[in-house]
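Here are a few friendly notes to read alongside the model. I have kept them short, so you can check each point on screen as you go.

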Amino acid sequence: MIDTAVIGSGVIGLSLAWELTQRGHRVVVVERGCPPDSRSAIAPETAQSTSWTAAGILPPANFKLATDPLDQMRGFSHHLWPDYAARLKETSGIDVGLIRCGGYYLAETAGEAAAMIGMKGYWQELDIECQPLSQTQLAERLPQLSHWIASNPWMNEHPDASAWWLPDEYQIRSSRLVKALEIACQRSGVEFIYETTVAGFQESGESVSLYRDEDVAAANMIARARHVVLCGGAATGNIAAAARLEQALIPIRGQILLLQCDEFQSPEVINIGNRYLVCRGDGLVLVGSCEEEAGFVQHTTSQMIDQLRQFATHCCPALGDAPEITRWAGLRPMTFAGFPMLGTLPGNQRTFVAAGHYRSGIHFTPATAIAMADTIEHKRTFMDLSPFSVGKQQTHA
């Protein structure tokens with residue numbers, strides 16, 4: 001019998017599996033998808049995990065001053081990321097592309113400017129460094145956006161209150177992170193079971209048994225473990241009816257466009273309203289994103305991709321003709337409370353849930369792994385996890 005079975009091989013499941021193996025656990029990861037070697041090197045329209053397709057923006061945070069549970073989780077993880085990325089590279093040989101690139105926060109409407117006034121208060125409350133930029137300073141730093149800056153009516157009227165620079169913003173290459181975690185897990189002894197869907201589980205005494213069918217018969221058994229963790233992202237509610245989580249998570253589709261433009265050679269994140277340009281520093285520019293309630297339909301649409309292209313062109317005319325490298329969509333796992341589910345599944349002692357991180361899954365990865373490993377081992381962790389309890393999200397059909 002193994003120690004822990006993790007269901008799902010996104011970054012949350014993989015990071016937890018890696019953390020547990022470093023603590024001496026024998027771990028198996030059960031994944032409904034195919035093995036890594038059979039996947040495309042470039043994201044296809046569908047069939048990649050949300051972890052693979054995330055933009056990889058890690059905004060600044062401060063654990064020491066945070067009082068909100070989400071800010072505490074974000075702050076602790078943000079502090080961990082540099083060492084975490086270094087350890088991943090040492091174990092896997094893969095550089096996950098973590099860069100302290102800084103982020104611009106820009107407004108071109110009164111509503112966006114009002115939102116940034118609120119963000120300014122938030123940054124200052126958490127002692128996050130934020131530097132106001134004049135229109136002239138912004139144009140000097142971002143010459144690629146000179147047309148947008150000059151033609152922005154709100155910025156022209158409020159030249160000293162429409163742009164902020166946050167030097168502690170990071171970016172990371174999400175696809176590399178997934179690959180690095182897969183290799184780190186493999187080299188640490190994690191066993192993988194691919195192309196296998198868990199449809200049932202049963203706790204009995206000192207173990208939990210996983211089954212391919214709701215019929216918990218021996219012929220359907222996949223594995224037996226002392227602990228099981230449901231880490232299926234937006235599909236966590238569909239893992240097994242016995243968990244009663246079918247309505248606990250809402251899949252929110254996001255679409256991203258990847259362009260090549262030689263005018264963008266510096267790594268930085270440019271946030272304008274609720275959209276962004278993530279400049280990788282090698283001419284690649286991610287353009288995102290959107291939030292759509294489309295069920296479990298995970299593919300791009302020409303209408304939304306056209307909107308993203310229009311946004312990019314509006315920011316920088318050179319992006320209008322920039323070659324498209326690829327486009328993709330992912331499903332973000334949102335809970336009704338807006339908090340991830342981290343803890344024991346109600347009515348169970350050995351079955352846990354780690355899901356519902358919405359747009360923060362990549363950012364929260366290191367902290368979630370530690371928090372869940374501590375919980376499984378009945379250890380006190382770095383913060384109170386009761387706000388993330390699973391019971392308030394669970395349906396009671």
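1. A reminder before the details: this is a predicted model. Please keep that in mind while going through the points below.

2. Let me start with the pairing of strand S17 (residues 341-344) and strand S18 (residues 351-355). Four bridges connect the two, and the sense is antiparallel. If you would like one pair to look at, Thr344 has Phe352 in S18 as its bridge partner.

3. The turn of that hairpin deserves a glance too. Six residues lie between S17 and S18, and in this hairpin Gly347 adopts a positive phi near 85°.

4. Next, the open sheet: eight strands with mixed pairing, arranged in the order S5-S6-S4-S13-S14-S15-S12-S16. Strand S5 (131-132) and strand S16 (324-335) are at the edges with a single partner strand each, so one side of each has no neighbour in the sheet.

5. Within this order you will find S13 beside S14. Strand S13 (residues 268-272) and strand S14 (residues 275-279) run antiparallel and are joined by five bridges. Here Ile272 is matched with Arg275 in S14 as its bridge partner.

6. Finally, the surface. Which residues gather in a patch of negative charge there? They are Asp213, Glu214, Asp215 and Glu246. Asp213 sits in the loop that links strand S10 (207-211) and strand S11 (221-230). With a relative accessible area of 38%, Asp213 counts as partly exposed, because that class lies between the 20% limit for buried and the 50% limit for exposed.

Notes
Residues numbered from 1 in each chain as written. Predicted model: local features only at pLDDT ≥ 70, side-chain atom pairs only at ≥ 80, totals over all residues. Heavy atoms only, no water. Patch = residues over 30% accessible without salt bridge, like charges linked within 9 Å, V, L, I, M, F, W, Y side chains within 5 Å. Areas by Shrake-Rupley, 256 points an atom, 1.4 Å probe, with all protein chains shown as cover. Salt bridge = Lys/Arg side-chain N within 4 Å of Asp/Glu carboxyl O. Lys, Arg positive; Asp, Glu negative; His and termini not counted. Charge placed at Lys NZ, Arg CZ, Asp CG, Glu CD. Buried < 20%, exposed > 50% of the residue type's maximum accessible area, 1.4 Å probe, protein only. Pairing = 2+ DSSP bridges.
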